[in-house]
Amino acid sequence: SSKREWKPLEDRSCTDIPWLLLFILFCIGMGFICGFSIATGAAARLVSGYDSYGNICGQKNTKLEAIPNSGMDHTQRKYVFFLDPCNLDLINRKIKSVALCVAACPRQELKTLSDVQKFAEINGSALCSYNLKPSEYTTSPKSSVLCPKLPVPASAPIPFFHRCAPVNISCYAKFAEALITFVSDNSVLHRLISGVMTSKEIILGLCLLSLVLSMILMVIIRYISRVLVWILTILVILGSLGGTGVLWWLYAKQRRSPKETVTPEQLQIAEDNLRALLIYAISATVFTVILFLIMLVMRKRVALTIALFHVAGKVFIHLPLLVFQPFWTFFALVLFWVYWIMTLLFLGTTGSPVQNEQGFVEFKISGPLQYMWWYHVVGLIWISEFILACQQMTVAGAVVTYYFTRDKRNLPFTPILASVNRLIRYHLGTVAKGSFIITLVKIPRMILMYIHSQLKGKENACARCVLKSCICCLWCLEKCLNYLNQNAYTATAINSTNFCTSAKDAFVILVENALRVATINTVGDFMLFLGKVLIVCSTGLAGIMLLNYQQDYTVWVLPLIIVCLFAFLVAHCFLSIYEMVVDVLFLCFAIDTKYNDGSPGREFYMDKVLMEFVENSRKAMKEAGKGGVADARELKPMIK
């Protein structure tokens, strides 16, 4: 052949350096915001808390000009107490209540002013305004205004933040009522919140079960990939039929249960549960029918997925640390989100003291610095996408190293760590550029979603249609760019080219292999979706059985929804790694067949199993009449 021999993984150079410098400068700006909020005293106000007169609890304070009750010595008063803690203003994101610094939080409910007075005398913690002495609590006509709203709920200090928070769930139910504006019957919401709080141990146990099931499924994928597809198919069929049958059985059982001896409140709860069971049963039936139809249409392509899962399973056997990749990414995201939230809280208390209409003190930032939180929000999106992109580049680099290493005995000791090393040394700029492109699409979509939520019920039909169309188009664009970015990172890991060049090369490869992409990705993704369905159904079925025999809760609709959502998120995090490996393997194969033809000096890098899979794929596509050009030459795999 006259073509020059193509060798991947040889040329290594730093890519997209300007974008790396831009990202570093942006992170420095994020650090400046955090430092500014701490330097202006926000950290002390956030951690120790402050009262409505600008005094920080637990320390001596400086007198503020024209502010009464400011400059007080609160050395012995270390906790913030709200006179009406459940009076929330969600629009301005604050509690509409007078805040005082107190020596102790009331651990028991105080029903009368006499109880408040007795609490102050015994504990030395005055719960009324500073202008009112404890001896005047029961005699002063101003007590109704200057003292807390009765009854005073039992409260406990929030760890590390010195705020007295009510321990009774009724306050949280009122908070949820303010958030969920579409609920017309507040009693329903109270029962929902009560169901969550009462069955919280079951919810935590089921969430842990979903995590264990996801880990078990990943181990199964590694060792029994050949039979996994059939196992998943059978289990999903049995699980969907069993879950649907159990739901209809529970519905029929509760419908026949006697209702003469129950109280009206218990009857209402039973009717809510019966209605929820009927909705669940109908939804499960429709889902099962749709699932069977899809599996019937795709039954002839199951053999292709078996071969594909076998190849991906070999990758996990050689690269076992891939299984733990979601943990590191989640840990990095949690650390960043904690930092971001803490900085946001600092920003919420920074600024200069300003007296509002009620005569109380608020801290506000004036001038250009008041727009720092916009910068902070952009940082949340960009850096989160950057962390996710680092995971994609790390996985791509490890799988590429595995694929293009002819002798698997010469693999690095830890290909994952070797991939991380290459990412840090050469490709952080590429990851920064790719994540910034996603940010540019995500921010307008979020702005449009915010506008749509604010104008809900006010805009005309045409405006509503235009907004939803724009949101949908941006969402589709974001998904396409995410897929292209992932393949661009794979191309970068192979050839060490910059982001734009890698994206162009990956796009050309995907277009040239459009039928293969459609066949492999559709069937593979569907089988991984069945794995997610299996985990969600198993967790949901366990939740139904446990919650059905739990007698202390009220309505268990919300607990079951929480558990199923968490199970799906956990399953998605783990199985998305497997999906990522499949996509990287396919792009490696496509590039391999483009630059190599099996002749001496240009042997293929792929192993025999992957070659058999491709040949079977071509035959299947030809038999289905969907194309697939057969290669006349014999494809020779690498020599092991």
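## Confidence in the model

This is a predicted model, and its protein chain has a mean pLDDT of 78, with 78% of the residues reaching 70 or more. Confidence varies from element to element: strand S4 (residues 99-102) has the highest mean pLDDT, at 92, while helix H5 (residues 169-179) has the lowest, at 49.

Two stretches call for some care as you look around. Over residues 175-190 the pLDDT stays under 50, and the model has 14 contacts there beyond four places in sequence. Residues 626-640 also have a pLDDT below 50, and this stretch has 35 contacts beyond near neighbours in sequence.

## The overall picture

Let us step back to the whole chain. Its secondary structure comes to 18 helices and 8 strands. Of its 640 residues, 45% count as buried. The accessible surface comes to about 32,900 Å², and carbon and sulfur atoms account for 66% of that.

Contacts can also be sorted by how far apart the partners sit in sequence. Taking the contacts with a separation of 6 or more, 72% are between residues 24 or more positions apart.

## Helix H1: a surface patch and an aromatic pair

Helix H1 covers residues 17-39 and includes Leu21. Leu21 belongs to a nonpolar patch on the surface, together with Ile17, Ile24, Leu25 and Ile28. The accessible area of these residues together is about 480 Å².

Phe23 brings us to the aromatic rings, for which the count comes to 18 pairs. In one of them, the ring centres of Phe23 and Phe386 are 4.2 Å apart and their planes lie at 20°, so this pair is stacked. Phe23 is in helix H1 and Phe386 in helix H12 (residues 372-403), so the pair ties together parts that are 363 residues apart in sequence. Both Phe23 and Phe386 are buried. They also belong to one aromatic cluster, joined by Trp19, Phe26, Tyr375, Trp382 and Phe436.

## Helix H17

Another aromatic pair can be found in helix H17, where Phe586 and Phe589 sit 3 residues apart, about one turn of the helix. Their ring centres are 6.5 Å apart with the planes at 45°, so the pair is tilted. Phe586 counts as buried because its relative accessibility is 8%, and Phe589 counts as buried at 2%.

Val570 is also part of helix H17, which runs over residues 557-595. With a relative accessible area of 9%, Val570 is buried. Which residues does Val570 touch, not counting those up to four places away in sequence? They are Ser210, Leu211 and Ser214. Val212 is 358 residues from Val570 along the chain, yet the C-alpha atoms of the two are separated by 9.7 Å.

## A network of charges

Side chains of opposite charge can pair when their charged atoms come close. This structure holds 3 salt bridges. In one, Glu385 pairs with Lys442, and the closest N and O atoms are 3.6 Å apart. This pair links distant parts of the chain, as Glu385 lies in helix H12 and Lys442 in helix H13 (residues 415-454), 57 residues apart. Glu385 counts as buried at 13% relative accessibility, and Lys442 is buried with a relative accessible area of 14%.

Lys442 also meets Glu478 in a salt bridge, at 2.6 Å from N to O. Here helix H13 is linked with helix H14, the home of Glu478, across 36 residues. Glu478 forms a salt bridge with Arg445 as well, with 3.0 Å between the closest N and O atoms. Since Glu478 is in helix H14 and Arg445 in helix H13, this pair ties together parts that are 33 residues apart in sequence. Both Glu478 and Arg445 are buried. Through shared partners, salt bridges join Glu385, Lys442, Arg445 and Glu478 into one network.

## Details of the backbone

A few loops are worth a visit too. The peptide bond from Leu150 to Pro151 is cis, with omega near -5°. Pro151 lies in the loop between helix H4 (143-146) and strand S5 (155-157).

Asn69 is not a glycine, but has a positive phi of about 65°. The loop that holds Asn69 is between helix H2 (42-48) and strand S1 (79-82). Ser496 has a positive phi too, near 60°, and lies in the loop between helix H14 (461-495) and helix H15 (499-512). At 6% relative accessibility, Ser496 counts as buried.

Note on methods. Residues numbered from 1 in each chain as written. Predicted model: local features only at pLDDT ≥ 70, side-chain atom pairs only at ≥ 80, totals over all residues. Heavy atoms only, no water. Patch = residues over 30% accessible without salt bridge, like charges linked within 9 Å, V, L, I, M, F, W, Y side chains within 5 Å. Areas by Shrake-Rupley, 256 points an atom, 1.4 Å probe, with all protein chains shown as cover. Salt bridge = Lys/Arg side-chain N within 4 Å of Asp/Glu carboxyl O. Helix = DSSP H or I, 4+ residues; strand = E, 2+ residues; numbered from the N terminus. pLDDT = per-residue confidence, 0-100. Contact = heavy atoms within 4.5 Å. Buried < 20%, exposed > 50% of the residue type's maximum accessible area, 1.4 Å probe, protein only. Phe/Tyr/Trp six-rings, centres within 6.5 Å; stacked < 30°, edge-to-face > 60°.
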